[in-house]
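Open the model in your viewer and keep the sequence panel beside it. We will make a few stops together.

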Amino acid sequence: QTSGDVTLAGAVNVASVNVNSGAAINVGSGVSTTGSQTYNRQVTLGASAAELKATGATSKIDLQGGVNGKGQNLNLTNAANTASDAINVGGAITNVAALRVDGRSTLSNNVTTTGSQTYTAAATLGGNAVELKTTGATAQLNLQGAVNGNGQNLTLTNTANIAAGAIATGSTVSNVATLKVDGHAVLGGNVNLAARLGLVAA
């Protein structure tokens, strides 16, 4: 635990990480813990792809300050914890190339990538409307697990990729207030909404 600036230049393997609100956080190739990882300020990636990985059955990855990817790939991995917020995205994720979220996640802010976004497990929206957006011509937005909207609005955007299935859901989308799908989509499960469904494709 620290309140000063933190630079994790190489691969880091520790029990847990807790970076308080006074710190700038720079991550190199990745952080692996058996316990939880808590980042209360924005995480900035370095000159290579990075993985934040927690392996404990009750451990969590909590990104309260979001992530500036600096054009790099990012993997968030926490498959052992089956809680809905095993991976918590509290701040916006921006400027990431490709993002892979391997584990149950709670999304409380927007996620924007130039490459693909892949969510392998169930995703729950937090206390805000959320947009998942990718801008790459060959990128895909792939939600393999169920989506629980928690009564919030959800926007799925992938307008650069004109291929069928540029946006794909593999399971049920439920409890979303308004769902907007902007791009070519394949919806693989039922969609249950409290209000409206908007489909936009060029």
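Between which two strands does the loop with N150 lie? Select residues 147 to 158 to see it: N150 is in the loop between strand 21 (147-148) and strand 22 (154-158). Strands here are DSSP runs of E with at least two residues, helices are runs of H or I with at least four, and both are numbered from the N terminus.

Before going on, please note that this is a predicted model, in which local features need pLDDT of at least 70 and side-chain atom pairs count only at pLDDT 80 or more, while totals for chains, interfaces and linings use all residues. Residues are numbered from 1 along each chain as its sequence is written, and side-chain values use heavy atoms, leaving out hydrogens and water.

**Stop 1: two loop residues**

Stay on N150 and check its backbone: phi is positive, about 55°, although the residue is not a glycine. N150 is partly exposed, at 40% relative accessibility. (Buried means under 20% relative accessible area, exposed over 50%, and partly exposed in between, with a 1.4 Å probe and protein chains only.)

Now select K70, in the loop between strand 10 (67-68) and strand 11 (74-77). K70 also has a positive phi, near 50°, and is not a glycine either. Its relative accessible area is 48%, so K70 counts as partly exposed.

**Stop 2: strand 19 and its partners**

Next, select residues 130-134, which form strand 19, and show the side chains. V130, L132 and T134 are on the covered face, whereas E131 and K133 are on the uncovered one. In a regular strand, side chains alternate between the two faces of the sheet.

Add strand 16 (residues 111-113): strands 16 and 19 run parallel and are joined by three bridges. Look for T112, whose bridge partner in strand 19 is K133. Two strands pair if DSSP finds at least two bridges between them.

Then bring back strand 22, which runs parallel to strand 19 and is joined to it by four bridges. Here L132 stands opposite L156 of strand 22.

**Stop 3: the whole chain**

Zoom out and colour by secondary structure: the chain has 26 strands and zero helices. Along the principal axes, the C-alpha atoms fill a box of roughly 45 × 30 × 25 Å. Finally, colour by accessibility: buried residues make up 45% of the 202 residues.
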